[in-house]
Amino acid sequence: MSQFLKLVKHPIKFRLYLLYNLPAAFFSGIKIRECTEKMSITSVPFKWLTQNPFKSTYFASLAMAAEMSTGMLALNSVYKRTPPISMLVTNMEASYFKKATHITYFTCEDGMLITNAVNEAAKGGEGIIVSAKSTGRNKEGEMIAEFIFTWSFRQKAKERI
């Protein structure tokens with residue numbers, strides 16, 4: 001298991017990581033339900049901090065959880081890597097199918113696709129672009145939303161002295 005996955009699976013360390021690095025996700029209650037090198041499942045609750053005026057989960061809260069399901073796979077691939085790799089979301093597409101009135105689970109199964117892109121970026125040269133899909137479902141398995149995030153990975157420039 002990678003160092004990053006060990007961090008993700010540690011309940012206290014990862015919650016502190018979220019508080020420090022992603023406070024909106026921390027306060028929204030977004031959780032990592034499962035994370036391996038191949039797939040990631042996140043969840044976002046329906047609660048006061050995540051709701052919209054229409055009594056469903058606000059689209060931005062859904063997008064945060066969806067992005068995190070792809071981002072965990074990306075972070076796992078770049079964490080403490082030599083040479084260091086930068087990562088950036090360059091595009092997002094979203095489709096919404098049903099109101100999210102309870103907890104929504106987002107699944108991304110593109111871990112190997114992301115790892116291959118990071119490995120290619122580590123060779124240097126131009127940035128590598130990859131699109132990862134995250135599907136949101138409610139506890140009954142009904143499709144709530146689908147997101148496609150385009151990630152750019154690039155070897156970080158050497159520091160100048």
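Angles under 35 degrees count as roughly parallel, over 145 as roughly antiparallel, 65 to 115 as roughly perpendicular, and whatever is left over as oblique. With that in hand, the helix pair H4 and H5 is a handy place to start in this predicted model. Helix H4 covers residues 59-78 and helix H5 covers residues 111-121; the two pack at an angle of about 40°, their axes sitting 9 Å apart. H4 and H5 are therefore oblique to each other, and their crossing is right-handed. On the H4 side, the residues involved are Thr 70, Leu 73, Ala 74, Ser 77 and Val 78, and they meet Gly 111, Ile 114, Thr 115 and Val 118 of H5. Sorted by character, that contact comes out as five nonpolar residues, four polar ones and no charged ones.

Next comes the nonpolar core. In soluble globular proteins, nonpolar side chains tend to be buried together. Here the largest nonpolar core holds 37 residues, and the members touching the most other members are Met 72, Ile 85, Phe 106, Ile 114, Phe 147 and Phe 153. At least two residues each come from helices H1 (3-9) and H2 (11-21), from H4 and H5, and from strands S4 (104-108), S5 (128-137) and S6 (143-155). H4 gives the most, chipping in 10 residues. Ile 114, then, turns up both in this core and in the contact of H4 with H5.

Phe 147 deserves a closer look. Setting aside neighbours within four places in sequence, Phe 147 is in contact with Leu 62, Ala 63 and Ala 66, with Met 92, Glu 93, Ala 94 and Tyr 96, with Phe 106, and with Ala 132, Lys 133 and Ser 134. One step back along the chain, Glu 146 has its place in strand S6. With a relative accessible area of 22%, Glu 146 is partly exposed. Beyond four places in sequence, Glu 146 contacts Glu 93, Ala 94, Ser 95, Phe 97, Lys 133, Ser 134 and Thr 135. Glu 93 is 53 residues away from Glu 146 in sequence, yet their C-alpha atoms are 8.2 Å apart in space.

Back in helix H4, Ser 61 is a polar residue that counts as buried, at 5% relative accessibility. Not counting residues up to four places away in sequence, Ser 61 touches Ile 30, Val 44 and Thr 50. Ile 30 and Ser 61 are 31 residues apart along the chain, and 8.6 Å separates their C-alpha atoms.

Finally, a few words on the backbone. Most residues other than glycine have a negative phi, and most peptide bonds are trans. Lys 55 goes the other way on phi, with a positive value near 60°. Lys 55 lies in the loop between strand S2 (40-44) and H4, and at 55% relative accessibility Lys 55 counts as exposed. Lys 80 also has a positive phi, near 50°. This second lysine, Lys 80, is placed in the loop between H4 and S3 and counts as exposed, at 61% relative accessibility. The loop between H4 and strand S3 (85-96) also holds Pro 83. The peptide bond leading from Thr 82 into Pro 83 is cis, with omega near -5°.

Note on methods:
Residues are numbered from 1 along each chain as its sequence is written. This is a predicted model: local features need pLDDT of at least 70, side-chain atom pairs count only at pLDDT 80 or more; totals for chains, interfaces and linings use all residues. Side-chain values use heavy atoms; hydrogens and water are left out. Axes are lines fitted to C-alpha atoms, for helices over the stretch in contact, and angles run from 0 to 180 degrees between N-to-C directions. Helices (H or I, at least four residues) and strands (E, at least two) are DSSP runs, numbered from the N terminus. A crossing is left-handed if the near helix is turned anticlockwise from the far one by less than a right angle, and right-handed if clockwise. Contact means heavy atoms within 4.5 Å. A nonpolar core is a set of buried Ala, Val, Leu, Ile, Met, Phe, Trp, Tyr and Cys residues joined through side-chain atoms within 4.5 Å. Buried means under 20% relative accessible area, exposed over 50%, partly exposed in between (1.4 Å probe, protein chains only).
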